Amino acid sequence: MPATDRRVQVPPNCDLTLGMVCIDKSEPGRTVWRMLADERFSNPVGIMQVGFIGAFADSAMGAASLTYARERKVFSANAEMKISFFKPVRVGSTLTCSAVVVSGGQRAAFVEAEVVDDEGRTVARASSTYLLTARD
């Protein structure tokens, strides 16, 4: 198989569309991401709609599951996700999401994430199970 797998787009369109950027993936099983709470993602009162925060956490956790797999070439699929929202996110805030694999094996990874705003307030916490399958 060629060095570039045509089945995998990096970065994926969802990350590009939402303006998500991975700023650290140096440690296996851990990633840190940033995203601007753009006005395109707000409700009528200027608060970021929570589905976008969920997508942000999913991207960070999915990437953490891939770095956990290290040299193995795998696809990572979200099997389930839970997220709790603690504070509203105002348009213009910069969000940071830190995701870490807390447990895993050859076929699955359990990942947790924390999303904080630019004031350092935790706005959401998420957990998810990702299924890892070989991509030959």
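Me: What makes two strands count as a pair, and which residue of S5 is the bridge partner of Cys97?
Reply: Two strands pair if DSSP finds at least two bridges between them, where strands are DSSP runs of E with at least two residues, and helices runs of H or I with at least four, numbered from the N terminus. In this predicted model, local features need pLDDT of at least 70 and side-chain atom pairs 80 or more, while totals for chains, interfaces and linings use all residues. Residues are numbered from 1 along each chain, and side-chain values use heavy atoms, without hydrogens or water. The partner of Cys97 in S5 is Val115, and because 8 bridges join S4 (residues 94–104) to the antiparallel S5 (residues 108–116), the requirement of at least two is met.

Me: Why is the aromatic pair of Phe41 and Phe52 called tilted?
Reply: Rings of Phe, Tyr and Trp (its six-membered ring) pair if their centres lie within 6.5 Å, and planes under 30 degrees apart count as stacked, over 60 as edge-to-face and the rest as tilted. The centres of Phe41 and Phe52 are 4.6 Å apart and their planes 35 degrees, so the rings pair and are tilted.

Me: How do you know whether Phe41 and Phe52 are buried or exposed?
Reply: Buried means under 20% relative accessible area, exposed over 50%, and partly exposed in between, with a 1.4 Å probe and protein chains only. Phe41 has 5%, so Phe41 is buried, whereas Phe52 has 25%, so Phe52 is partly exposed.
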